[in-house]
Amino acid sequence: MPKVSARPRYEIPVAVDNGPTPERAAKSVFTAGRPARESTVVDALLKAQEITQEAANAADKWYRTWVFAYQGYKEFPENHSGNCEIRHDDLSWLMTRADAVGYLHDVRKALGVCGEVRLKAMLLEKLSFTQMAPIFHPHVSPDLGRKKSSAQCSLLLEQLSEFYAAQRKKKHDAEKACTPVPLAV
């Protein structure tokens, strides 16, 4: 009779922290929280009170929309409850991503191409103001270029926040207009 081992053949993997590798952590500064994420100029502007929390949230929303639209994945917070009524197939998933591209197009129309370029530099390329200075302001001193980049990015993020607030208000008003008014009896 063959010997039976008490140990299972395959072990169940234990949850492992997928934080940054030691090499990556040494190169960048990461924010506290789960998951750890790289600290950006938006965090620096928020810490310096150059922008409001709403502007930082708007930057995060734009970044998440861009990632979903162009890379096809979406991260949900820990307390997220999914919609059980909708099951996506390939086509509906692509249509949802196309909607996200449409939202990004609306932002580009509202803030302009220069605004989109600065958003990409801040949020996608994760450039510092010192790195942005020679790109956006090549004919001024590096220090003045850094200050100009910081001011422009602060203004841009506040405008992005106002744009999203206006979109929410427009959506709320449209939903309110479609709600039937109760009849007086």
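This is a short walk through one predicted model, from its overall fold to a few individual residues.

I'll start with the overall picture. The secondary structure amounts to six helices and zero strands. Read from the N terminus, then, the order of elements is α-α-α-α-α-α. The chain has 185 residues, and 26% of them are buried. If you take the contacts between residues at least 6 apart in sequence, 60% of those join residues at least 24 apart. The protein exposes about 14,300 Å², and carbon and sulfur atoms account for 58% of that area.

Next, a pocket. I'm taking the second largest one, with a volume of about 540 Å³. Which helices supply its lining? At least two lining residues come from each of α3, residues 53-71, α4, and α6, residues 142-177. The lining has 17 residues in total. Those nearest the centre of the pocket are Lys61, Thr65, Asp99, Tyr103 and Tyr164. If you have the structure open, those five are the ones to select in order to find the pocket.

Staying with α4, please look at Arg118. Helix α4 covers residues 90-124, and Arg118 sits within it. Is Arg118 buried or exposed? Arg118 is buried, and it has no salt bridge. The nearest side chain of opposite charge belongs to Glu116, and that is 11 Å away. For comparison with that distance, the cut-off for a salt bridge here is 4 Å between nitrogen and oxygen. What does Arg118 touch, then, once neighbours within four places in sequence are left aside? Its contacts are Phe136, Gln152 and Leu156. Of these, Gln152 and Leu156 have numbers that fall inside the range of α6, 142-177. Phe136 carries the last number in the range of α5, 129-136.

Now the backbone. As a general point, most residues other than glycine have a negative phi. Two residues here are worth a look against that background. One is Gln49, which is not a glycine and has a positive phi of about 60°. Gln49 is in the loop that runs between α2, residues 41-47, and α3. Its relative accessibility is 73%, so Gln49 counts as exposed. The other is Lys126, also with a positive phi, near 55°. Lys126 belongs to the loop between α4 and α5. Why is Lys126 classed as partly exposed? Because its relative accessibility is 32%, and the partly exposed class lies between 20% and 50%.

On to charge pairs. In general, side chains of opposite charge can pair when their charged atoms come close. The count for this model is five salt bridges. I'll go through three of them, beginning with Lys169 and Asp173. Their side chains meet at 3.0 Å, N to O. Lys169 and Asp173 are four residues apart in helix α6, so about one helical turn separates them. Lys169 is exposed, at a relative accessible area of 52%, whereas Asp173 is partly exposed, at 33%.

The other two involve Asp143. Salt bridges with shared partners join Asp143, Arg146 and Lys147 into one network. Asp143 pairs with Arg146 at 2.6 Å, N to O. The two are three residues apart in helix α6, which means a separation of about one helical turn. Asp143 also forms a salt bridge with Lys147, where the closest N and O atoms are 3.4 Å apart. Asp143 and Lys147 are four residues apart, again about one turn of α6.

How exposed is this network? Asp143 has a relative accessible area of 39%, so it is partly exposed. Arg146 is partly exposed as well, at 31%. Lys147 is partly exposed too, with a value of 48%.

One last distance, also at Asp143. Which residue sits 13 places away along the chain, with its C-alpha atom 7.7 Å from that of Asp143? That residue is Thr130. Asp143 itself lies in α6, while the number of Thr130 falls within the range of α5, 129-136.

To recap: the predicted model has six helices and zero strands, a buried Arg118 with no salt bridge, and a network of Asp143, Arg146 and Lys147 in which salt bridges share partners. That's what I have.

How values were computed:
Residues numbered from 1 in each chain as written. Predicted model: local features only at pLDDT ≥ 70, side-chain atom pairs only at ≥ 80, totals over all residues. Heavy atoms only, no water. Buried < 20%, exposed > 50% of the residue type's maximum accessible area, 1.4 Å probe, protein only. Lys, Arg positive; Asp, Glu negative; His and termini not counted. Contact = heavy atoms within 4.5 Å. Areas by Shrake-Rupley, 256 points an atom, 1.4 Å probe, with all protein chains shown as cover. 1 Å grid on protein atoms, 1.4 Å probe; cavity = no way out; pocket = protein on both sides within 12 Å on 5 of 7 lines; lining within 4 Å. Points joined across faces, edges and corners; volume = space filled by probe spheres on them.
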